[in-house]
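Student: I am new to this structure and would like a close look at a single part of it. Could you walk me through the salt bridges, and where they sit?

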Protein chains: 2
Amino acid sequence: MPTERTSSGDPAHTLQLLWRGSSPDRRRGPRRGLSIDAVVEAANAIADAEGLDAVTMRRVAKELGVVPMTLYTYVPGKAELLDLMLDTAYARMPRTDTTGQPWRQRVTAVAEENKALFERHPWAAAVSTVRPPLGPGQMSKYEHELSALDGLGLSDVEMDDCLTHLLTFVQACARAVADARAAQHDSALNDQQWWELNAPLLARVLDENAYPTAVRVGAAAGAAHNSAYDPAHAYSFGLQRVLDAFAALIDRSRDAKTSTSQHRHDDIAP
Amino acid sequence: MPTERTSSGDPAHTLQLLWRGSSPDRRRGPRRGLSIDAVVEAANAIADAEGLDAVTMRRVAKELGVVPMTLYTYVPGKAELLDLMLDTAYARMPRTDTTGQPWRQRVTAVAEENKALFERHPWAAAVSTVRPPLGPGQMSKYEHELSALDGLGLSDVEMDDCLTHLLTFVQACARAVADARAAQHDSALNDQQWWELNAPLLARVLDENAYPTAVRVGAAAGAAHNSAYDPAHAYSFGLQRVLDAFAALIDRSRDAKTSTSQHRHDDIAP
DNA sequence: TCTGTACGCTGTACATTGTACGGCGTACAG
DNA sequence: CTGTACGCCGTACAATGTACAGCGTACAGA
């Protein structure tokens with residue numbers, strides 16, 4: 001499954017599509033048979049049901065009872081369609097109201113919301129967001145998620161840094177889940193079966209004296225998770241680590257504000 | 001660029017290839033003109049120079065002066081070739097000896113080694129490792145990296161959890177770098193140019209009252225990084241967070257050992 | 001009402017991918 | 001010396017995004 005990228009075309013046009021700007025040109029010729037929303041809707045439905053690989057221009061067109069090339073009168077290309085799909089998914093995320101709750105619960109809620117996004121739309125995990133879709137969905141998501149980190153004594157840049165760190169983590173977990181599902185799909189083995197098949201074969205070829213720690217720890221971890229990698233555990237373990245890290249940063253920000261020393265602690269090893 | 005997956009074929013055969021097991025069968029017919037090592041070497045060279053997309057069976061074959069189908073007498077398929085490529089890259093990673101140094105430096109060294117791996121072989125970031133290549137390279141890498149987390153009072157499972165958390169983080173950063181490079185390549189704009197082009201257009205369509213925090217924080221972060229996302233900063237910031245998190249976990253493990261209360265702290269919010 | 005034209009829609013076409021299949025010739029086992 | 005296992009190769013197929021050119025429609029201006 002590809003790490004899909006988004007719009008490489010004209011930014012102004014892409015933004016106009018994302019914000020559903022109307023082209024003020026006089027309309028000539030036949031009335032449009034479809035709408036951008038219908039195209040995005042169809043693409044999202046296919047992606048949800050069968051994954052991003054199934055979203056081909058041909059397939060989306062077929063779903064809409066139209067020939068592939070017709071889509072190009074609604075969308076400049078597949079990259080822009082991906083932008084629109086992702087922003088739509090962002091727009092529809094339920095946003096829990098956690099005002100008044102302690103920050104750990106608020107941040108946990110943000111993580112859970114994103115985890116839920118990737119469970120409902122596994123394809124979204126595969127899309128790179130180094131150049132996020134600058135649409136209303138992304139904006140309202142960003143606004144909502146920042147509010148969980150507001151009022152903790154962090155600077156604006158630190159708030160963004162922390163959110164990025166958290167979201168990167170959740171997305172990485174989601175990608176692992178998606179990869180595991182894909183691997184299962186085309187090897188006809190789930191992770192546990194794959195591990196049960198490989199572990200004894202590996203043991204036979206492995207020199208236990210050459211890798212003592214690896215053998216011991218690998219066996220313990222394999223036994224704990226019934227596999228080489230357990231995405232669900234990685235998520236719950238990792239989320240606690242991220243929360244611990246934020247706690248340390250927040251404490252440090254508070255200290256820096258109440259004390260006279262204003263130096264940053266980030267770049268020095270204590 | 002695809003999130004490539006690895007071997008879906010016969011595990012025993014794959015392991016035999018990874019550990020360079022010799023097939024004891026009597027040799028009949030013409031002598032082999034190539035070797036597995038040569039094939040993997042050629043594939044790695046192409047991937048290093050031009051990215052994983054350039055690694056096609058046709059291209060590897062051409063590099064070896066051979067017709068594409070010939071490769072299939074050395075390797076069952078492309079997935080297995082990827083396994084071999086990755087394990088080879090793992091095997092060649094320089095492993096810094098940090099015995100005796102404080103754990104933060106040891107863990108930082110592990111992170112840096114992996115960061116260096118992904119800088120030297122950017123394609124490696126795109127390969128999923130939920131089913132890692134169970135070869136000598138992976139094993140010796142695992143052994144080496146675990147040693148940085150040994151003797152800190154963590155359980156075997158926690159050591160594996162922490163290492164997974166760290167490596168997931170570094171790989172996520174590397175994927176972001178790779179995605180940024182790919183986006184730059186086929187949009188002819190680097191991240192800064194893309195941001196400078198989009199920011200004013202976005203400002204025109206954006207209602208500042210609807211997204212007050214997003215606009216403020218986004219502007220601060222954008223100004224700090226000259227872009228929507230700065231991979232280098234995300235790495236250095238995130239690594240400090242991961243170290244802080246490990247510190248908290250280690251402290252807690254020490255406390256749990258010295259106190260009589262043996263309950264786990266992980267699953268409860270303090 | 002008539003006509004020119006902008007525009008929605010479509011059919012064909014191309015280069016590229018991994019790899020299944022069958023044929024050809026070689027070099028060793030007996 | 002001969003049969004056969006095996007290395008190597010040429011062709012073929014289905015699937016992808018999308019460029020290009022043609023066709024017909026419905027509105028603007030007369």
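Tutor: Here is a look at the salt bridges, one pair after another, with a short stop at the DNA afterwards. A word on the ground rules: this is a predicted model, in which local features need pLDDT of at least 70, side-chain atom pairs count only at pLDDT 80 or more, and totals for chains, interfaces and linings use all residues. Residues are numbered from 1 along each chain as its sequence is written, chains are lettered from A and ligands numbered from 1 in the order in which they are written, and side-chain values use heavy atoms, with hydrogens and water left out.

A salt bridge here is a side-chain nitrogen of Lys or Arg within 4 Å of a carboxyl oxygen of Asp or Glu. By this rule there are 24 salt bridges over all chains.

Let us begin inside chain A. A:E41 pairs with A:R92 in a salt bridge, with the closest N and O atoms 3.0 Å apart. This pair links distant parts of the chain, 51 residues apart: A:E41 belongs to helix 2 (residues 36-50), while A:R92 is in the loop between helix 4 (78-91) and helix 5 (103-120). Helices are DSSP runs of H or I with at least four residues, numbered from the N terminus. A:E41 is partly exposed at 37% relative accessibility, and A:R92 is exposed at 53%. For these words, buried means under 20% relative accessible area, exposed over 50%, and partly exposed in between (1.4 Å probe, protein chains only).

Another salt bridge joins A:R59 and A:E50, at 3.0 Å from N to O. A:R59 has 23% relative accessibility and counts as partly exposed; A:E50, at 47%, is also partly exposed.

Now let us cross between chains. A:D191 and B:R131 form a salt bridge of 3.0 Å, N to O. A:D191 lies in helix 8 (residues 191-205) of chain A and B:R131 in the loop between helix 5 (103-120) and helix 6 (136-147) of chain B, so this pair joins two chains. Both A:D191 and B:R131 are buried. Elsewhere, A:R104, A:R241, A:D244 and B:R252 are linked in a network of salt bridges.

Finally, the DNA. A phosphate oxygen of DNA strand C is 2.5 Å from an N or O atom in the side chain of A:T70. For B:Y72, an N or O atom of the side chain is 2.9 Å from a phosphate oxygen of DNA strand C.

Note on methods
Polar contact = N/O pair within 3.5 Å; in protein donor to acceptor, adjacent residues only side chain to side chain.
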